[in-house]
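Here is a short tour of an assembly, written for the bench. Take a look at the sequence and the structure, and then read on.

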4 protein chains.
Amino acid sequence: MSHITSMLETHPNDTSGLDVQKLADCIAACFECAQTCTACADACLAEDMVTDLRNCIRLNLDCADICQATGTVLSRRTGQNLTTVKALLEACRTACQECADECEKHADMHEHCKVCADACRRCEQACADLLATIG
Amino acid sequence: MSHITSMLETHPNDTSGLDVQKLADCIAACFECAQTCTACADACLAEDMVTDLRNCIRLNLDCADICQATGTVLSRRTGQNLTTVKALLEACRTACQECADECEKHADMHEHCKVCADACRRCEQACADLLATIG
Amino acid sequence: MSHITSMLETHPNDTSGLDVQKLADCIAACFECAQTCTACADACLAEDMVTDLRNCIRLNLDCADICQATGTVLSRRTGQNLTTVKALLEACRTACQECADECEKHADMHEHCKVCADACRRCEQACADLLATIG
Amino acid sequence: MSHITSMLETHPNDTSGLDVQKLADCIAACFECAQTCTACADACLAEDMVTDLRNCIRLNLDCADICQATGTVLSRRTGQNLTTVKALLEACRTACQECADECEKHADMHEHCKVCADACRRCEQACADLLATIG
């Protein structure tokens with residue numbers, strides 16, 4: 001995630017009401033979770049027992065879309081829209097929690113669900129940590 | 001938006017806890033708003049007075065990303081994740097409201113901001129209407 | 001798609017090397033195809049015979065992502081990057097063609113695949129028509 | 001990028017016609033470039049000389065959208081659509097090249113353009129390397 005930190009440090013605006021380290025961590029967690037959920041949906045789709053994994057695939061795809069949007073929005077520091085950012089972080093935290101809860105049910109049987117649940121938990125925590133600094 | 005209704009009607013699942021007409025309206029409003037905000041950000045960027053439109057561009061880009069994710073998530077009916085859907089609808093409503101408030105400040109001077117503010121208000125209302133049916 | 005035309009007409013730049021009507025048609029077709037493919041992937045996932053529809057789901061998801069990116073890029077008129085636009089239109093045309101070919105195999109059995117194949121064919125044609133005007 | 005490799009290794013399909021290491025490198029480069037281009041567009045927007053950076057902002061936004069779609073499509077291994085993947089890799093390579101060319105013009109003056117040009121060049125090369133293995 002060194003590129004994330006580099007871009008935050010070279011931005012002409014140095015204030016955005018957000019803790020820079022927690023912001024960088026959350027951006028990295030969002031993009032990691034988006035990629036992992038996309039891959040987990042696809043891996044679930046290839047499993048023999050795909051009919052048992054429908055809900056997992058749906059939650060993975062939704063979580064990927066929401067994390068992707070959140071990571072992108074957080075990457076911007078121009079302008080002021082903290083109300084939107086807070087609501088989006090709440091949605092992202094919720095999506096990651098629901099997806100992790102589902103993936104954990106299959107983690108013993110499918111290693112990709114275990115890796116994905118871990119990525120979702122990290123992103124859920126990173127969103128919570130960033131929200132805590134906004135107040 | 002006839003394709004949206006066609007896809008909802010031909011889906012094998014007929015229940016998802018959401019009102020189908022309000023769902024179709026909200027999906028259409030989200031995609032319309034995403035496209036309009038993308039175009040408004042680009043039109044603002046080309047204006048002579050771009051330095052006065054920085055905040056508008058930022059809010060447009062964020063609103064486009066959030067509406068896009070929301071329209072995509074709402075297009076899925078398999079599985080159960082109403083908690084995530086509700087949080088996302090709240091974020092989308094908030095983003096549309098903040099973006100409309102900003103675009104309306106420039107609507108007298110820039111016709112594209114007027115068109116965009118209208119699209120944001122329609123999407124804000126569509127999200128509120130759909131949320132009201134979820135309870 | 002009246003909002004697409006409105007935004008093109010109110011943009012401060014009146015030249016971009018692209019035919020405005022064919023551009024508007026292609027933007028509309030891309031967003032319609034992105035939504036339809038997202039919904040078709042989800043409908044296929046809910047079918048009893050999901051194991052026979054894995055390839056269809058994969059192609060739907062890819063086509064949705066590529067159409068979404070293409071519709072978004074085409075919505076911008078500031079700056080000059082026709083080389084990128086042409087390459088992206090070629091990729092979008094290819095994705096729509098591959099996805100339509102697959103959906104048509106299931107169109108007799110699944111109405112959502114028929115609706116989706118039609119949307120893919122319209123977008124494939126719209127991309128080809130726009131490419132023809134760029135030269 | 002350890003999560004990318006973990007997800008590739010735990011996927012039930014072990015063949016997709018793509019070199020796994022080059023695939024992982026390209027996925028990582030695409031997501032890094034998408035985030036960096038998003039941040040660079042926003043940083044350029046905040047600069048005093050934003051009127052000189054309009055083309056750079058446009059190319060950054062387009063490159064971000066295309067890299068995001070490419071990284072997402074490459075994250076899937078179920079199904080067969082190499083024709084689409086190749087066309088998309090060509091579009092992504094082109095977008096990265098055009099964006100890097102533009103960012104390099106401003107790299108002496110704006111550090112964020114230098115960081116972004118480097119990310120674009122890495123992604124351009126990663127796409128070319130992956131394309132070379134497909135044939």
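## How confident is the model?

Please keep in mind that this is a predicted model. For chain A the mean pLDDT is 95, with 97% of its residues at 70 or more. Within chain A, helix H3 (residues 54-74) has the highest confidence, at 98, while helix H1 (residues 2-9) has the lowest, at a mean of 92. The model as a whole comes with an ipTM of 0.96 and a pTM of 0.97.

## Chains A and D

A turn of 180° with a shift of 0.0 Å along the axis lays chain D on chain A, and the RMSD is 0.0 Å. The two copies are therefore related as by a two-fold rotation axis. If you want to find that axis from chain D, look for D:Phe31: its C-alpha is the nearest one in chain D, 3.7 Å from the axis.

The interface residues tell a matching story. Of those in chain D, 100% are also interface residues in chain A, so the copies meet through the same surface.

## Where chains B and C meet

Chain B and chain C each bring 30 residues to their contact. Together they bury about 2700 Å², and 69% of that lies on carbon and sulfur atoms. There are zero salt bridges across this interface, but nine residue pairs are in polar contact.

On the side of chain B that touches chain C, helices H1 (2-9), H2 (20-46), H3 (54-74) and H5 (111-134) of chain B each give two or more residues. H2(B) supplies the largest share, twelve residues. Sorted by class, this side of chain B has 13 polar, eleven nonpolar and six charged residues.

Key: Residues are numbered from 1 along each chain as its sequence is written. Chains are lettered from A and ligands numbered from 1 in the order in which they are written. This is a predicted model: local features need pLDDT of at least 70, side-chain atom pairs count only at pLDDT 80 or more; totals for chains, interfaces and linings use all residues. Side-chain values use heavy atoms; hydrogens and water are left out. Copies are superposed by least squares on the C-alpha atoms of residues with pLDDT of at least 70 in both. Contact means heavy atoms within 4.5 Å. pLDDT is the predictor's confidence in each residue, from 0 to 100. Helices (H or I, at least four residues) and strands (E, at least two) are DSSP runs, numbered from the N terminus. Buried area is the accessible area (1.4 Å probe) that two parts lose on being put together, summed over both. A salt bridge is a side-chain nitrogen of Lys or Arg within 4 Å of a carboxyl oxygen of Asp or Glu. A polar contact is a pair of N or O atoms within 3.5 Å; within protein, one must be able to donate a hydrogen and the other to accept it, and residues adjacent in sequence count only if both atoms are side-chain atoms. Ala, Val, Leu, Ile, Met, Phe, Trp, Tyr, Cys and Pro count as nonpolar, Asp, Glu, Lys and Arg as charged, and the others, Gly among them, as polar.
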